[in-house]
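Biologist: I should like to learn how to read the features of a structural model, one at a time. May we begin with a single residue and then proceed to the whole chain?

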Amino acid sequence: MSDWYELLFRGVLFPLYESGIRRRGTLRYLREYERNQWLAPDQIAQIQWSKLQALLQHCWNEVPYYRQAWTRAGIRPEDVCTRADFQRLPVLEKQDIRANLGDLVARSHRGRVLYKATGGSTGEPLKFGYSRESYERRMAAMWRGYRWGGADIGRRTLYLWGGALGKQSMLSRIKESAYHAAFGRRMLDAFAMGDANLESYAAAIDRYRPKVIVAYVNPIWQLARWSLGEQRALFAPAAILTGAEPLLDHQRLDIEKAFNCKVFNTYGCREFMLMAAECDARSGLHLNADNLLVEVLQDGNAQSGGDAGDLVVTDLHNYAMPFVRYRNGDRGALRTESCPCGRGLPLLRNIEGRSLDALRSSDGRYLPGEFFPHMLKDYAGIRYFQVVQRTLDTLELRIVRDPGFADEAVARIRSQVRQALGTGTELQFSFVDEIPLAASGKRRVTVSELPP
């Protein structure tokens with residue numbers, strides 16, 4: 001894809017489609033967020049606080065769950081005058097959403113709610129709702145964060161990401177291919193990558209010559225380690241953006257050496273899409289504070305001095321099924337220093353709670369830990385899950401079931417894993433009453449006990 005098409009798509013075709021045909025506000029919100037990022041921190045905090053107060057009043061008037069929960073806590077929206085007041089509101093847990101899904105939907109939005117399921121990156125799949133405006137704003141926040149790493153609308157980008165699971169119709173494949181082609185994207189399935197086909201992935205990158213690569217951490221790191229070991233040069237894009245898993249320092253160094261470009265880390269979750277991303281200064285991940293309010297809590301107390309804790313998130317624009325003080329299952333820490341780039345958005349120092357060990361098969365295939373959250377989001381009745389690998393030829397899938405779990409799901413899950421890892425690795429099911437937490441206090445999704 002040439003530079004002229006990139007400019008044509010970004011300046012004419014995409015606005016015509018997004019704003020004209022689809023009548024979405026994505027580009028208008030993107031312009032708003034582009035302006036906001038350069039405001040002083042106290043100005044961004046004021047924008048955030050104004051949006052929060054409006055959201056709390058909406059929840060009190062429209063959402064039965066919050067009115068009942070806040071009444072029990074003895075607090076009303078007009079009582080929330082400071083951050084300390086806000087932190088008196090109860091935290092929303094995943095089990096609260098499961099038990100009160102209907103009462104969490106705003107009365108004025110019933111019948112107009114969009115729904116998704118999370119992949120369960122902390123071992124707890126979840127169904128949730130959101131509004132059209134919140135979706136458009138999430139897309140705008142995503143493009144702003146991706147631009148910091150050089151990935152812009154219409155830019156020639158290769159995704160080493162999770163592919164579709166199961167069989168797709170011919171029409172679905174054609175529509176998906178046309179959609180990605182219009183955006184200048186090439187998709188490589190990270191779930192199909194293994195030791196035996198790494199050369200074909202490297203060759204695909206060489207042929208496509210992307211300006212930017214967006215990838216799961218462990219697959220792009222595996223490709224980088226292989227290229228360094230084989231002394232096989234890789235095409236050098238302008239930048240690589242990583243996500244879905246924590247990016248460790250040694251992984252960043254290997255990837256940058258193999259691809260001869262900078263790596264930019266990102267952080268998001270399915271409930272909110274992109275939450276934070278690195279800019280060129282790479283001194284932390286800028287939080288989308290004009291779209292979300294993120295707190296760090298340890299034992300119920302807010303951490304502001306750089307100490308790690310549970311991430312608790314409020315979506316400032318999801319008026320259909322509001323998330324107010326939602327604990328998303330991840331752990332992280334804030335940075336107290338400002339970024340030298342000049343943006344006023346606060347910084348997230350790191351993410352600690354998403355341990356997604358990679359899995360392997362006896363015939364050399366490699367499966368990112370993200371595979372199971374990606375797959376199991378489509379199955380009802382799974383409260384918690386964990387995958388444990390002790391040998392190359394066996395995997396144990398532990399599941400804490402809810403009443404909605406269907407027995408026929410076992411065969412479907414086993415078939416999808418066989419597709420990914422071949423017949424040499426057997427999937428064993430264990431239905432358990434609980435799954436113990438790791439020493440960090442979090443539940444690991446995949447646990448590989450194999451030697452490196």
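Biologist: Is Asn-328 buried or exposed?

Modeller: The model is a predicted one. To classify a residue, one compares its relative accessible area with a cut-off, and buried means under 20%. Asn-328 has a relative accessible area of 3%, so it is buried. Its place is in strand β13, which covers residues 326-335. A polar atom of the Asn-328 side chain lies 3.0 Å from the backbone nitrogen of Asp-330.

Biologist: What sheet is formed by the strands, and in which order do they stand?

Modeller: One reads a sheet by following its strands from neighbour to neighbour. Here an open sheet of 12 strands runs in the order β4-β3-β5-β6-β7-β8-β9-β14-β13-β12-β10-β11, with mixed pairing. β4 (185-189) and β11 (301-302) are at the edges; each has a single partner strand, so one side of each lacks a neighbour in the sheet. Strand β10 (residues 292-298) runs antiparallel to β11 and is joined to it by 2 bridges. Leu-297 is the residue opposite Ala-302 in β11. In total, the protein has 13 helices and 20 strands.

Biologist: Which residues does Leu-274 touch beyond those up to four places away in sequence?

Modeller: Such a list shows what surrounds a residue once its sequence neighbours are set aside. For Leu-274, in strand β8 (residues 273-278), the list holds Ala-141, Met-142, Gly-145, Tyr-146, Thr-266, Tyr-267, Gly-268 and Asn-288. Tyr-146 is 128 residues from Leu-274 along the chain, yet their C-alpha atoms are separated by 9.0 Å. Leu-274 counts as buried because its relative accessibility is 7%.

Biologist: Which residues have the most contacts inside the largest nonpolar core?

Modeller: A core is read from its members and from the contacts they make. The largest nonpolar core has 54 residues, and those with the most contacts inside it are Ile-255, Phe-259, Phe-372, Leu-376, Leu-397, Ile-413 and Val-417. Apart from this core lies another, of 43 residues, among them Leu-89, Leu-126, Leu-334 and Leu-348. Leu-376 touches Pro-125, Ile-382, Phe-385, Leu-397 and Ile-413, leaving aside residues up to four places away in sequence.

Biologist: Against which helices do the buried residues of α4 pack?

Modeller: For a helix, one identifies the buried residues and then their partners. In helix α4 (residues 64-73), the buried residues are Pro-64, Tyr-65, Tyr-66, Ala-69 and Trp-70. They pack against α3 (41-62) and α6 (94-99). Just after α4, Gly-74 takes a positive phi of about 75 degrees.

Biologist: What is the phi of Arg-209, and where does this residue lie?

Modeller: Most residues other than glycine have a negative phi. Arg-209, although not a glycine, has a positive phi of about 50 degrees. Its place is in the loop between α9 (198-208) and β5 (212-216), and its relative accessible area of 51% makes it exposed. Arg-282 likewise has a positive phi, near 50 degrees; it lies in the loop between β8 and β9 (285-287) and is partly exposed, at 27% relative accessibility.

Biologist: What radius of gyration would a compact globule with 452 residues have?

Modeller: The value would be near 22 Å, and the protein has 22 Å, which agrees. Along its principal axes the C-alpha trace spans about 65 × 55 × 45 Å. Of the 452 residues, 57% count as buried. Among contacts between residues at least 6 apart in sequence, 69% join residues at least 24 apart.

Note on methods. Residues are numbered from 1 along each chain as its sequence is written. This is a predicted model: local features need pLDDT of at least 70, side-chain atom pairs count only at pLDDT 80 or more; totals for chains, interfaces and linings use all residues. Side-chain values use heavy atoms; hydrogens and water are left out. A nonpolar core is a set of buried Ala, Val, Leu, Ile, Met, Phe, Trp, Tyr and Cys residues joined through side-chain atoms within 4.5 Å. Buried means under 20% relative accessible area, exposed over 50%, partly exposed in between (1.4 Å probe, protein chains only). Contact means heavy atoms within 4.5 Å. Helices (H or I, at least four residues) and strands (E, at least two) are DSSP runs, numbered from the N terminus. A polar contact is a pair of N or O atoms within 3.5 Å; within protein, one must be able to donate a hydrogen and the other to accept it, and residues adjacent in sequence count only if both atoms are side-chain atoms. The radius of gyration is taken over C-alpha atoms; the globule rule is 2.2 Å times the number of residues to the power 0.38. Two strands pair if DSSP finds at least two bridges between them.
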